[in-house]
Amino acid sequence: MRIQILADVDNGITIPINYNHLLVGAIYRFLSESNPEYATFLHNEGYHADKKRFKLFTFSQLMAERRRILGTEIQFGSTLTWFVSSPIEQFLSHFADTLLTEGRLCIGQHRLRIRDVKVPRVPRFRTEMTFRCLSPIVMSAIRENNGQRRTHYCLPDDPDLSELIRQNLLRKHQAIHGRTPQNDTLFFHFDDRYIHRKQGRVTRLVDFKGIKVRGTLCPFRVSGSVTLIQVGYECGFGDKNSAGFGMVEV
């Protein structure tokens with residue numbers, strides 16, 4: 001399930017172009033106001049599967065009809081739209097509780113009046129679907145480079161990308177349901193025609209608290225397990241979802 005938030009910017013706001021950490025801060029503040037114990041659990045522990053920890057939520061980039069980039073900052077001149085998604089009812093209930101009570105969204109030093117909160121219709125999940133990104137999809141792997149093991153960010157032409165995303169979704173399913181799905185197949189492929197039209201410029205480098213993260217903003221097709229596709233829709237595809245990566249819409 002997901003929540004759509006509309007927030008007024010009055011005469012406009014300007015924030016750092018790398019603002020993901022500000023949105024993470026807003027989410028945890030809402031959770032702490034509603035239930036400090038749950039916020040602490042999610043921040044420090046999270047949900048476990050196969051020695052991995054997951055927060056099991058994701059969020060979109062900030063969207064507005066009027067926006068422009070000014071060097072290292074971004075200026076929004078019209079109503080902001082922001083999506084937050086999770087399959088965990090406890091997360092969404094605590095988040096929405098403070099959101100509705102306060103009626104304000106704090107992004108850095110800005111306190112924005114919330115104009116509306118909506119719950120979008122859940123799509124009908126099928127064995128083959130096409131999505132577009134609301135935030136970049138990141139898929140990382142540890143690979144050896146010059147004798148050293150380093151974090152490698154997979155680009156659309158990486159032959160291991162589809163399998164890495166499948167394994168990631170399987171672990172998330174395990175964290176949510178305590179088991180693997182009956183159907184564990186999944187095939188993921190970015191839209192080649194879109195990449196060609198964009199002349200390959202479909203990746204984005206995001207600075208998250210000093211860490212450079214490279215993700216891909218490109219429509220994609222996914223097929224296989226309906227359950228795994230739904231997990232990707234609700235939790236995010238790829239990794240680093242709780243830092244604001246991997247959120248999609250049909």
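The exercises below deal with a helix pair and two pockets in a predicted model.

**Exercise 1. Helix packing**

Task: Classify the crossing of helix H1 and helix H2, and list the residues that make the contact.

Solution:
- Step 1. Helix H1 covers residues 20–34 and helix H2 covers residues 36–44; their axes come within 5 Å and cross at roughly 140 degrees.
- Step 2. Angles over 145 degrees count as roughly antiparallel, and 65 to 115 as roughly perpendicular. H1 and H2 are therefore oblique to each other.
- Step 3. H1 contributes Tyr28, Leu31, Ser32 and Ser34, while H2 contributes Pro36, Tyr38, Ala39, Leu42 and His43.
- Step 4. Sorted by class, this contact of H1 with H2 has 6 nonpolar and 3 polar residues, and no charged ones.

**Exercise 2. The largest pocket**

Task: Describe the lining of the largest pocket, and say which element gives the largest share.

Solution:
- Step 1. The volume of the largest pocket is about 660 Å³.
- Step 2. Its lining has 27 residues, with Arg53, Asp239, Lys240, Asn241 and Ser242 nearest the centre.
- Step 3. Two or more lining residues come from each of H1, strand S4 (52–54), helix H4 (161–177) and strand S16 (211–216). H4 gives the largest share, 4 residues.
- Step 4. The lining of the largest pocket divides by class into 13 nonpolar, 6 polar and 8 charged residues.

**Exercise 3. The second largest pocket**

Task: Which residues lie nearest the centre of the second largest pocket?

Solution:
- Step 1. The second largest pocket holds about 300 Å³ of space.
- Step 2. Of its 13 lining residues, Gln61, Arg132, Cys133, Leu134 and Leu217 lie nearest the centre.
- Step 3. The lining of the second largest pocket has 9 nonpolar, 1 polar and 3 charged residues.

Notes. Residues are numbered from 1 along each chain as its sequence is written. This is a predicted model: local features need pLDDT of at least 70, side-chain atom pairs count only at pLDDT 80 or more; totals for chains, interfaces and linings use all residues. Side-chain values use heavy atoms; hydrogens and water are left out. Axes are lines fitted to C-alpha atoms, for helices over the stretch in contact, and angles run from 0 to 180 degrees between N-to-C directions. Angles under 35 degrees count as roughly parallel, over 145 as roughly antiparallel, 65 to 115 as roughly perpendicular and the rest as oblique. Contact means heavy atoms within 4.5 Å. Ala, Val, Leu, Ile, Met, Phe, Trp, Tyr, Cys and Pro count as nonpolar, Asp, Glu, Lys and Arg as charged, and the others, Gly among them, as polar. On a 1 Å grid over the protein atoms alone, a cavity is a set of points where a 1.4 Å probe fits but cannot get out, and a pocket is an open set with protein on both sides within 12 Å along at least five of seven lines; lining residues have an atom within 4 Å of a point. Grid points are joined across faces, edges and corners, and a volume is the space filled by probe spheres set on the points.
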